Amino acid sequence: PRKIAKGAAWKAWQKWIKKVPAERMTEACRAWASSPAVTDCEPDKISHAATWLNAERWEDDRSEWNGKKKAKRSLKL
């Protein structure tokens, strides 16, 4: 979604593509890029591609991307 730091993104992609199937990574990238976490966000708040890849964000709970955060558990004292 942010078209900056392409060199760093390419290095991160090369690193992870050796460990994670390309189809899985590509599908997750597309899902994230079209999610409200990106489309409804201020551009400067969107993670750089390299940051997203290096943080293994493709493994995140996708309900978080869609704004459907899980209810917080109440702590019993």
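**Exercise 1. The lining of the largest pocket**

Task: In this predicted model, determine which helices each supply at least two residues of the lining of the largest pocket, and describe the character of that lining.

Solution:
- Step 1. Helix 1, helix 2 and helix 4 each contribute at least two residues to the lining of the largest pocket.
- Step 2. Of the helices, helix 1 gives the most to this lining, namely four residues.
- Step 3. The volume of the largest pocket is about 330 Å³. Its lining comprises 14 residues, and the closest to the pocket centre are Pro1, Arg2, Ala9, Cys29 and Ala49.
- Step 4. Sorted by character, the lining residues are eleven nonpolar, no polar and three charged.

**Exercise 2. The largest nonpolar core**

Task: State how many residues the largest nonpolar core has, which helices each supply at least two of them, and which residues Met25 touches.

Solution:
- Step 1. The largest nonpolar core consists of 14 residues, and those with the most contacts inside it are Trp16, Val20, Met25, Trp32, Trp52, Leu53 and Trp58.
- Step 2. At least two residues of this core come from each of helix 1, helix 2 (22–33) and helix 4.
- Step 3. Leaving aside residues up to four places away in sequence, Met25 touches Trp13, Trp16, Ile17, Val20, Leu53 and Trp58.
- Step 4. As a general background, nonpolar side chains in soluble globular proteins tend to be buried together.

**Exercise 3. The protein as a whole**

Task: Give the helix and strand content of the protein, its buried share and its accessible surface.

Solution:
- Step 1. The protein contains five helices and zero strands, and along the sequence the pattern reads α-α-α-α-α.
- Step 2. The protein has 77 residues, of which 22% count as buried.
- Step 3. Its accessible surface is about 6000 Å², with 54% belonging to carbon and sulfur atoms.
- Step 4. When contacts between residues at least 6 apart in sequence are considered, 67% join residues at least 24 apart.

**Exercise 4. Two positive phi values**

Task: Locate Ala5 and Glu56, and explain why each counts as partly exposed.

Solution:
- Step 1. Most residues other than glycine have a negative phi. Ala5, however, has a positive phi near 55 degrees, and Glu56 has a positive phi of about 55 degrees.
- Step 2. Ala5 lies in the segment before helix 1 (6–17), whereas Glu56 is found in the loop between helix 4 (49–54) and helix 5 (62–65).
- Step 3. Partly exposed residues fall between the 20% limit for buried and the 50% limit for exposed. Ala5 is therefore partly exposed, at 39% relative accessibility, and Glu56 is likewise partly exposed because its relative accessibility is 35%.

Methods:
Residues numbered from 1 in each chain as written. Predicted model: local features only at pLDDT ≥ 70, side-chain atom pairs only at ≥ 80, totals over all residues. Heavy atoms only, no water. Buried < 20%, exposed > 50% of the residue type's maximum accessible area, 1.4 Å probe, protein only. Contact = heavy atoms within 4.5 Å. Areas by Shrake-Rupley, 256 points an atom, 1.4 Å probe, with all protein chains shown as cover. Core = buried A, V, L, I, M, F, W, Y, C linked by side-chain atoms within 4.5 Å. 1 Å grid on protein atoms, 1.4 Å probe; cavity = no way out; pocket = protein on both sides within 12 Å on 5 of 7 lines; lining within 4 Å. Points joined across faces, edges and corners; volume = space filled by probe spheres on them. Nonpolar A, V, L, I, M, F, W, Y, C, P; charged D, E, K, R; others polar.
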